[in-house]
Amino acid sequence: MINDMVVVDAVVHPYNLSPANQDPAAKAQLESVYAAHRMSFDARNAAYMLSHEEFFSDLSYETLACAEFVESPVDFAVIHALPGLGMVKSYMNDPARAAAFRDRYPNRFKVYATVDTPIAKGAIEQLEWQVKEHHVDGLKLYPAFFYEGKGVGWRLDGEDFATPLLEAAQGFGIRHVAVHKVLWLPPAPRDAFNIDDVDSPLARFPELTFEIVHAGVAFVEETCALLQRHPNLRLNLETMFAYILTKPKVFAKVLGTLITRCGSERLMFATGNNLAHPRPILEAFARYQFADDVLREFSFRQLTEVDRRNILGLNALRLHGLEAREVLAGIRDDEFSRARAGRIPGPWSVLRERTALV
């Protein structure tokens, strides 16, 4: 918790970017991900940047959990499994490993599945396996598949792939679908990351809740229009939240636009850890207010404590049918809470200090 507010990180995904897992032909892609990590911190928070060697490793779940729950005041997190994305030979974040760690700490995590094939039948089989074997809590999708050095995009409203996959997901009991949008991943076509294909599935699958991941980084006007039309849409603010450190004027304009026009009830804090580290972002947002000149220039309303509580954790808990008091009771005396009650370690302490998981 931070200032008595429950905190949920709506996206975490420790990368396996170890040399053994890297695709040697994808050096440019790999370096672009590392650049995105470094761009998540301002100079004041340089200690939170992983070195090149640290980043290009198989980052352990122990490192991630300590960064979330001991080094930072996060109470709960949602793990997103990640496909290879053309950069690695296997998963970038293996769903089996994610589920195993969730099972080890069920009061701290939920897990979203992933698929890694553009063939609908194969993707449905992958998802069915993860539902049956790992009891996943949602589905994470990327709007492109990468193979043979190319990226091929697909549309969320497409009939050949997306529609049968979403129908199958709903049949398997999946209720939450997170879609990476907005943030372009070359060499896939840029238009695959637009949000013009989201409107139809939102209407067609009203019992599914969709998250636009990286919402607010672009297409803010279009995003507001979607929120106003569709009650089953949520905005996952991974990447945009790091702007509070690195692009504060952009952060203020985007967040102010969203809460003034659409309210705060469907916005969710997220870091994408280990893309970013929660602590400096949360410290910056704990008492954040829009500057007076921003309020005047854009006719925004001021951020309230209700907004802050919604965004930091309550919205994500509601999405998954969780109550804050129950979550907090379940973690009150676990090993992370006990460790946080003592000396709070520096960033990435499990990795850097070679300490055991608390």
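How many helices and strands does the protein have?

1. The model is predicted. In it, the protein has 16 helices and ten strands. The points below go from the whole chain to the sheet, and then to one residue.

2. Overall dimensions. The C-alpha trace spans about 50 × 50 × 40 Å along the principal axes of the protein. The radius of gyration is 19 Å, which agrees with the value near 21 Å that a compact globule of 358 residues would have.

3. Burial and contacts. Of the 358 residues of the protein, 59% count as buried. Contacts were also sorted by sequence separation: among those between residues at least 6 apart, 77% join residues at least 24 apart.

4. Surface and charge. About 14,500 Å² of the protein is exposed, and carbon and sulfur atoms supply 52% of that area. The protein carries 39 positive and 46 negative charges, and the mean positions of the two sets are 4 Å apart.

5. The sheet. Eight strands make up an open sheet with parallel pairing, and their order is β1-β2-β3-β4-β7-β8-β9-β10. At its edges are β1 (8-12) and β10 (267-268), each of which pairs on one side only.

6. The β8-β9 pair. Strand β8 covers residues 209-213 and strand β9 covers residues 233-236; the two run parallel and are joined by four bridges. Glu 211 has Arg 234 in β9 as its bridge partner. Phe 210 stands opposite Leu 233, also in β9.

7. Side chains of β9. Which residues point one way from β9, and which the other way? Leu 233 and Leu 235 point to one side, while Arg 234 and Asn 236 point to the other. All four are buried. Arg 234, the bridge partner of Glu 211, is thus listed among the buried residues of this strand.

8. Val 152. This residue lies in strand β6, which covers residues 150-153. Is Val 152 buried, partly exposed or exposed? Val 152 counts as partly exposed because its relative accessibility is 37%, and the class runs between the cut-offs of 20% and 50%.

9. Surroundings of Val 152. Leaving aside residues up to four places away in sequence, Val 152 touches Pro 143, Ala 144, Phe 145 and Tyr 147. Gln 170 is 18 residues from Val 152 along the chain, and the C-alpha atoms of the two are separated by 25 Å.

Key. Residues numbered from 1 in each chain as written. Predicted model: local features only at pLDDT ≥ 70, side-chain atom pairs only at ≥ 80, totals over all residues. Heavy atoms only, no water. Rg over C-alpha atoms; globule rule 2.2 N^0.38 Å. Buried < 20%, exposed > 50% of the residue type's maximum accessible area, 1.4 Å probe, protein only. Contact = heavy atoms within 4.5 Å. Areas by Shrake-Rupley, 256 points an atom, 1.4 Å probe, with all protein chains shown as cover. Lys, Arg positive; Asp, Glu negative; His and termini not counted. Charge placed at Lys NZ, Arg CZ, Asp CG, Glu CD. Pairing = 2+ DSSP bridges.
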